[in-house]
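Thanks for coming, everyone. I would like to walk through one model with you this morning, and I will go helix by helix before turning to the backbone and the charged pairs.

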Amino acid sequence: MTAAVTSSDNARPAGAPEDFDFNSYLAARKSEVEAALDAALGPERPESLREAMRYSLLAGGKRLRPILCLAACELAGGDPALAMPTAVALEMIHTMSLIHDDLPAMDNDDLRRGRPTNHKVYGEAVAILAGDALLTRAFEMVALRSPGVPAERLIKVVAELSLVAGAPGLVGGQVVDLESEGKDVDLETLEYIHLHKTGALLKACVITGALIAGADATRIASLGTYARGIGLAFQIVDDILDVTASSDVLGKTAGKDLIADKTTYPKLLGLEESRARARALVEEAKASLSLFKGDGGGLAKAAPLLALADYVIGRDR
Ligand code: GRG
């Protein structure tokens, strides 16, 4: 495996308990999320829609977003099991954005998560509708399938998701991205695109997890700062991997940014400067969690989020 950016030891971050093993943590959380995703899709009709929804939702993927939500809920003192429906909702929004992003009218891609893209298998119309159905099912997960969470917290989660999915978040970021293709884009615009297209959803993951735990505004703000850092770092790494990794490893078409004439961090800053920036953002993100030291146990409870920050830049796909 070739990491995009070398980072500090991501098996056990500083402050984590002796027995914390990030790889086991990740594997356990991932398998809980996979089971919850599978259970969240019922017997949709017609069969073609059901198949298309399951095809993309259950196609693997790192499941970073739901895991961030569960980890933030736990750090803020909540029960991660109560956050699972929201974690599933976040993965549904992410997956629908991938389906739509791959359409010919957008990034026009053939490969995603190591398989042909949704529209290549089911056709464009069903792919669009499968995306729509996943998006609306996401809100259903929060509003109708989150037992045990007080209604006032769920309303805040719905509000957060509606903002992040719409014009102030993913949709707005995507439009600026599409309009920027083939143009000279400065660092400020690039950051705007990524904070909206990618960073906003990662931020919503930790904020909704904390909302379900009933966290106060200060803790939510510090998680927001954490997410801003890892969100931008995540995208810098994405840009680096697009240049340095193969399609086989990525499970999506490598070299796509160059083909689409997109401005990227490596294009603006060079590979080494991009790596240094990603590292610095992750260190800043980790530092923003120091507030949680005051909750007892030092930073032990923050171990998963600290390790996830390192994972974001240490990943190879
Ligand atoms: C949400 C209503 C609504 C519309 C979507 C198409 C669109 C509008 C936005 C595009 C968002 C997009 C595809 C951003 C890129 C984010 C990104 C870097 C995805 C890759 O994430 P990984 O690496 O993928 O976590 P896996 O497959 O591991 O989940």
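When I speak of helix axes, I mean lines fitted to C-alpha atoms, for helices over the stretch in contact, with angles running from 0 to 180 degrees between N-to-C directions. Please keep in mind that this is a predicted model, in which local features need pLDDT of at least 70 and side-chain atom pairs count only at pLDDT 80 or more, while totals for chains, interfaces and linings use all residues. Residues are numbered from 1 along each chain as its sequence is written, and side-chain values use heavy atoms, with hydrogens and water left out.

Let me start with H2 (residues 47-57) and H6 (residues 124-144); helices here are DSSP runs of H or I with at least four residues, strands are runs of E with at least two, and both are numbered from the N terminus. The axes of H2 and H6 come within 9 Å and cross at roughly 75°. The two helices are therefore roughly perpendicular to each other, given that angles of 65 to 115 degrees count as such, under 35 as roughly parallel, over 145 as roughly antiparallel and the rest as oblique.

Which residues of H2 meet H6? They are Ser 48, Leu 49, Ala 52, Met 53 and Leu 57, and on the H6 side they meet Val 126, Leu 129, Ala 130, Ala 133 and Leu 134, where contact means heavy atoms within 4.5 Å. By class, this contact has 9 nonpolar, 1 polar and no charged residues; Ala, Val, Leu, Ile, Met, Phe, Trp, Tyr, Cys and Pro count as nonpolar, Asp, Glu, Lys and Arg as charged, and the others, Gly among them, as polar.

Turning to H9, which spans residues 187-213, there is a kink of about 50° centred on Gly 199, the bend being the angle between axes fitted to the seven residues ending at a residue and the seven starting there. Of the 27 residues of H9, 19 are buried, so this helix is largely enclosed by the rest of the structure; buried means under 20% relative accessible area, exposed over 50%, and partly exposed in between, with a 1.4 Å probe and protein chains only. Within H9 sits Thr 208, which is buried at a relative accessible area of 0%. Beyond its neighbours within four places in sequence, Thr 208 is in contact with Cys 69, Thr 86, Leu 90, Val 157, Glu 160 and Leu 161.

Now for the backbone. Most residues other than glycine have a negative phi, and most peptide bonds are trans. Against that background, the peptide bond from Arg 45 to Pro 46 is cis, with omega near -5°, and Pro 46 lies in the loop between H1 and H2. Arg 63, although not a glycine, has a positive phi of about 60°, and this residue is buried at 1% relative accessibility.

Finally, the structure holds 26 salt bridges, each being a side-chain nitrogen of Lys or Arg within 4 Å of a carboxyl oxygen of Asp or Glu. One of them joins Asp 38 and Arg 54, with the closest N and O atoms 2.3 Å apart. Asp 38 lies in H1 and Arg 54 in H2, so the pair ties together parts that are 16 residues apart in sequence.
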